Amino acid sequence: MPKRAVSSPRVFKTTRPFAQATIAGGFMFVCFTGRDPEGKFAIGDVRAQTQQAIDNIRMLIEEAGGTLDDVVKCTVYVTDRANWEPMNDVYFANFKDNPPHRVSCIVSGLGSPDCLVEIDATAYLGDKA
């Protein structure tokens, strides 16, 4: 099964050789934090970081011809239990009508000490892929 990388100039591109997103077998795999296009985090603001992470995921899915409605599963990583409800408020505002299956974890840290949330999403694009 062939796979292909998807990227967008509208989202932050790390200097590491990670694919921003990958499509294989009609599925798109994308994982993002709340970094803005310049690579900055909204320091201490889990709501803003959650929205930016979802916006980054949305932009990559749109680049491949899909929408956020195509997301079938998310895994959400949050660094502090106190950030749980604010993250949920933003998350469910974006996935209100037909939310995807979700796994959530509270972790001791992510790639940057400023990162409060990371979302790993799988979208089914079918023939759009």
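**Exercise 1. The nonpolar surface patch**

Find which residues make the nonpolar surface patch of about 350 Å², and place F29 within the fold.

*Solution.* Step 1: the patch is made by F27, F29, V72 and Y124. This is a predicted model, in which local features need pLDDT of at least 70 and side-chain atom pairs count only at pLDDT 80 or more, while totals for chains, interfaces and linings use all residues. Residues are numbered from 1 along each chain as its sequence is written, and side-chain values use heavy atoms, with hydrogens and water left out.

Step 2: recall the rule for patches. They consist of residues with over 30% relative accessible area and no salt bridge, with like charges joined within 9 Å and nonpolar side chains (Val, Leu, Ile, Met, Phe, Trp, Tyr) within 5 Å. The areas come from the Shrake-Rupley method with a 1.4 Å probe, and for residues only the protein chains shown count as cover.

Step 3: F29 lies in strand β3; strands (E, at least two residues) and helices (H or I, at least four) are DSSP runs numbered from the N terminus. With 39% relative accessibility, F29 counts as partly exposed, a class that sits between buried (under 20% relative accessible area) and exposed (over 50%), using a 1.4 Å probe and protein chains only.

**Exercise 2. The largest pocket**

Describe the volume and the lining of the largest pocket.

*Solution.* Step 1: the volume is about 480 Å³. A pocket is an open set of points on a 1 Å grid over the protein atoms alone, where a 1.4 Å probe fits, with protein on both sides within 12 Å along at least five of seven lines; lining residues have an atom within 4 Å of a point. Grid points are joined across faces, edges and corners, and the volume is the space filled by probe spheres set on them.

Step 2: among the 15 lining residues, T14, F18, C31, T33 and E118 are the closest to the centre of this pocket. Strand β3 (residues 27-33) gives the most to the lining, with three residues.

Step 3: sort the lining by type. There are seven nonpolar, five polar and three charged residues; Ala, Val, Leu, Ile, Met, Phe, Trp, Tyr, Cys and Pro count as nonpolar, Asp, Glu, Lys and Arg as charged, and the others, Gly among them, as polar.

**Exercise 3. The salt bridges**

How many salt bridges does a search of the whole structure find, and which parts does the pair R10 and E62 tie together?

*Solution.* Step 1: the search finds three. A salt bridge needs a side-chain nitrogen of Lys or Arg within 4 Å of a carboxyl oxygen of Asp or Glu.

Step 2: R10 and E62 meet at 3.5 Å, N to O. R10 lies in the loop between β1 and β2 (21-24) and E62 in helix α1, so the pair ties together parts 52 residues apart in sequence.

Step 3: R47 pairs with D89, the closest N and O atoms being 3.1 Å apart. Here R47 lies in helix α1 and D89 in helix α2 (residues 84-94), so this bridge ties together parts 42 residues apart in sequence.

Step 4: D55 and R58 have their closest N and O atoms 2.7 Å apart. They are three residues apart in helix α1, separated by about one helical turn.

**Exercise 4. A buried helix residue**

Is I57 buried or exposed?

*Solution.* Step 1: I57 lies in helix α1 (residues 46-63).

Step 2: I57 is buried because its relative accessible area is 3%.
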